[in-house]
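Here is a friendly walk through one protein chain, from a few residues to the whole fold. Please keep the viewer open as you read.

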Amino acid sequence: MDRYYLDAVIGLLLEGVGDFITQLLTLPYLYISIFKIKSLPLTLAIIYNSLCDLAIGMIPLGIGDLMDIFKRSYMQNFKLIDGFIHGDRATISAVNKKAAITVVLIVLMVVVIYILVKLTIALMGYVWDVLAGLL
């Protein structure tokens, strides 16, 4: 997804729903962190990275999709899982130390995503009204 910018392309082509669709591709990362590695801090980190990617991609007018090029959440999640699998002490320690703040950041990301959804709906309604007025 990150290497070929598919996240940004799908988000741009399917404005509004593309970012939600691409987030389904984080499910394997979640499966591995929950059921194979069994690490709550790792799972929280993956959820946070995914929510950040979703929030960035949801910024209206294609701006978020362009910014999605620079947010490499799939690669970040892969590196985190790889660090846990191979016992990289620095990665494991960093993820474990940030677990508590990650919960707070996840809640903040959910609020941001809610606001972005409301903004997108309002913007689409405004555009629809303008277009209807022109016809």
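## Around Met-67

Leaving out neighbours within four places in sequence, Met-67 is in contact with Ile-56 and Ile-59, where contact means heavy atoms within 4.5 Å. Please keep in mind that this is a predicted model, in which local features need pLDDT of at least 70, side-chain atom pairs count only at pLDDT 80 or more, and totals for chains, interfaces and linings use all residues. Residues are numbered from 1 along each chain as its sequence is written, and side-chain values use heavy atoms, with hydrogens and water left out.

Met-67 lies in helix α5, residues 63-67. Helices here are DSSP runs of H or I with at least four residues, strands are E runs of at least two, and both are numbered from the N terminus. The C-alpha atoms of Met-67 and Asp-19 are separated by 12 Å, with their positions 48 residues apart along the chain.

Its partner Ile-56 sits in helix α4. Not counting residues up to four places away in sequence, Ile-56 touches Gly-64, Met-67, Asp-68 and Lys-71. Ile-81 is 25 residues from Ile-56 along the chain, and their C-alpha atoms are 22 Å apart.

## Exposure of four residues

The classes below follow relative accessible area: buried is under 20%, exposed is over 50%, and partly exposed is in between (1.4 Å probe, protein chains only).

| Residue | Relative accessible area | Class |
|---|---|---|
| Val-9 | 40% | partly exposed |
| Ile-56 | 21% | partly exposed |
| Met-67 | 36% | partly exposed |
| Lys-38 | 65% | exposed |

Lys-38 is found in the loop between α3 (27-36) and α4. Its phi is near 60°, a positive value in a residue other than glycine.

Val-9 belongs to helix α1, residues 6-13. Together with Tyr-5, Leu-13, Leu-14, Val-17, Ile-21, Leu-24 and Leu-27, Val-9 makes a nonpolar surface patch of about 740 Å². Patches are made of residues with over 30% relative accessible area and no salt bridge, with like charges joined within 9 Å and nonpolar side chains (Val, Leu, Ile, Met, Phe, Trp, Tyr) within 5 Å.

## A buried aspartate

Which side chain of opposite charge is nearest to Asp-53? It is Lys-71, 6.6 Å away, and Asp-53 is buried yet has no salt bridge. A salt bridge is a side-chain nitrogen of Lys or Arg within 4 Å of a carboxyl oxygen of Asp or Glu. For charge, Lys and Arg count as positive and Asp and Glu as negative, while His and the chain ends are not counted.

Asp-53 is placed in helix α4, residues 40-57. Its side chain makes a polar contact with the side chain of Gln-23 at 2.8 Å. Such a contact is a pair of N or O atoms within 3.5 Å; within protein, one must be able to donate a hydrogen and the other to accept it, and residues adjacent in sequence count only if both atoms are side-chain atoms. Setting aside residues up to four places away in sequence, Asp-53 touches Asp-7, Gln-23, Asp-68, Lys-71, Ser-73 and Tyr-74.

## The whole chain

The protein chain has eight helices and zero strands. Its C-alpha trace spans about 60 × 30 × 25 Å along the principal axes. Of the 135 residues, 37% are buried. Among contacts with a separation of 6 or more, 69% join residues 24 or more positions apart. The accessible surface comes to about 8500 Å², and 75% of it belongs to carbon and sulfur atoms; accessible areas come from the Shrake-Rupley method with a 1.4 Å probe, and for residues only the protein chains shown count as cover.
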